[in-house]
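Please examine the model shown below before reading on. The paragraphs that follow lead from one helix to the protein as a whole.

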Amino acid sequence: MNSFGTRLKFTSFGESHGKAVGCVIDGLPAGLRIDEDFLQDELDKRKGGSRFATARKESDKAEILSGVFEGLSTGTPLAIIIYNENQRSKDYEDIKDLFRPSHADFSYFAKYGIRDYRGGGRASARESVARVAAGAVSQMLLNEFHIVVDSGVFAVGDAQSGLKNAEFDLEFAKKSEIFALDETLENAFKDEILRAKKQKDSLGAAVFTRISGVMAGLGEPLYDKLESKLAHALMGINAVKAVEIGIGARASELKGSQNNDLMKDKAFLSNNSGGILGGISTGQDIEIKSYFKPTPSIFLAQQTMDKFGNNTICELKGRHDPCVGVRGSVVCTAMARLVIADALLLNASANLNRLKKAYGL
């Protein structure tokens, strides 16, 4: 639906070409220092306007409406709104009755019977600005526990880094215009994106996320396993079609003797599991890969149907990302932050001794 989380819950609202997009965060503990500069910095990372993203320029200025007093969270719902400033709904008038290939147009119409053609409405990646805002607030809580979440791009199209997970350069990704994790491939990634853009086409991308500083014991067993929650969060991002934890699909190719993470001297000797066993964190880095499909909005003529069932041709106008996975990496970070912050709060009452300690007993 439109809400995510168990103990720390956020609900997003708004459409791509509506008045605003925003979120309400519920369950945040009182007394947390709310850093509005950090919040804005995180939103700025997701903004378009570069050669490698949509030309749609939004200031994405966050305004906190409630839940904060004198710089601290109050424990009541924290609401954030980001006003849309640069909509061009006229770009979509020629296709208002068409189903754009590989968009959510057809499935949304099948479900709701309403066709909001203005940039995809609620299904637009514009909604992800609310997720980034909620993720930034979650990181403020994680900072209290020295937990860090970072992401970057390790593949664009069929250009893929050969580095191992431990070798990805997350510090370089912070400086990279496209969040590249492999400095030697940054220019190749850029060239691939610009080539596809020139051809009026698009590319997919792959994103790596590392969560470090997580203590052992986070996560709920069986039906709310930590990897299940992370996969749920990341698969819910627009255009993500696959998620791997640890070595992911490659584990199916190995023997148990190759895949098992052995232990010695109070430490693990490998991290094939990606920092999670039995749905619960092990204290190792949690490592995730998310795979984004090519942006479906391309400027080539494509066969499609209209909402009346007639065959027709779709020819798009407008402003679209040639590789949505680039800015999607920022959203991956945000959603991972939300999951871990929620897990922290859930774990606070996991056993009686911990609960008594909270009440000084």
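**Salt bridges, helices and overall form**

Within helix α5, Glu186 and Lys190 are four residues apart, about one turn of the helix. An α-helix has 3.6 residues a turn, so residues three or four places apart point the same way. In this predicted model, Glu186 and Lys190 form a salt bridge, with their closest N and O atoms 3.8 Å apart. Glu186 has a relative accessible area of 13%, which means that this residue is buried, the limit being 20%. Lys190 also counts as buried, at 14% relative accessibility.

Lys190 has a further partner. The side chain of Lys190 meets that of Glu177 in a salt bridge, at 3.4 Å from N to O. Because Lys190 belongs to helix α5 (residues 186-198) and Glu177 to the loop between α4 and α5, this pair ties together parts that are 13 residues apart in sequence. Glu177 is partly exposed, with a relative accessible area of 42%.

Helix α4, which spans residues 170-175, contains Lys175. This lysine is exposed, as its relative accessible area is 69%. Between the C-alpha atoms of Lys175 and Gly248 there are 28 Å in space, while the two residues are 73 apart in sequence.

Salt bridges also occur elsewhere in the structure; the search of the whole model finds 17. Side chains of opposite charge can pair when their charged atoms come close. One such pair is Arg210 with Glu287, whose closest N and O atoms are 4.0 Å apart. This contact links distant parts of the chain, since Arg210 lies in strand β10 (residues 205-212) and Glu287 in strand β16 (residues 286-292), 77 residues apart. Both Arg210 and Glu287 are buried. In addition, Glu42, Lys45 and Arg337 are joined in a network of salt bridges.

What does the search for disulfides find in the whole structure? The result is zero. A disulfide is a covalent bond between the sulfur atoms of two cysteines. For Cys23, the nearest cysteine sulfur belongs to Cys332 and is 18 Å away. For Cys332, the nearest is that of Cys323, at 12 Å. The cut-off for a disulfide is 2.5 Å between sulfur atoms, so Cys23 is in no disulfide, and for the same reason Cys332 is in none. Cys23 counts as buried, at 0% relative accessibility, and Cys332 counts as buried at 0% as well.

Helix α3 shows how an element can be enclosed. Of its 16 residues, 15 are buried, so α3 is largely enclosed by the rest of the structure. At 1.5 Å a residue, this helix (residues 128-143) should span 22 Å, and its end C-alpha atoms are 22 Å apart, which agrees.

The surface offers another kind of feature. Leu352, Leu355, Tyr359 and Leu361 form a nonpolar patch there, and together they have about 510 Å² of accessible area. Of these residues, Leu355 is found in helix α9 (residues 352-358). Leu355 is partly exposed, with a relative accessible area of 36%.

Finally, the protein may be viewed as a whole. The protein has nine helices and 18 strands. Its radius of gyration is 21 Å, close to the 21 Å that the globule rule gives for 361 residues, so the protein is as compact as a globular protein of that length. The C-alpha atoms fill a box of roughly 65 × 50 × 40 Å along the principal axes. Buried residues account for 48% of the 361 residues.

Key
Residues numbered from 1 in each chain as written. Predicted model: local features only at pLDDT ≥ 70, side-chain atom pairs only at ≥ 80, totals over all residues. Heavy atoms only, no water. Patch = residues over 30% accessible without salt bridge, like charges linked within 9 Å, V, L, I, M, F, W, Y side chains within 5 Å. Areas by Shrake-Rupley, 256 points an atom, 1.4 Å probe, with all protein chains shown as cover. Helix = DSSP H or I, 4+ residues; strand = E, 2+ residues; numbered from the N terminus. Buried < 20%, exposed > 50% of the residue type's maximum accessible area, 1.4 Å probe, protein only. Expected span 1.5 Å × (residues − 1). Rg over C-alpha atoms; globule rule 2.2 N^0.38 Å.
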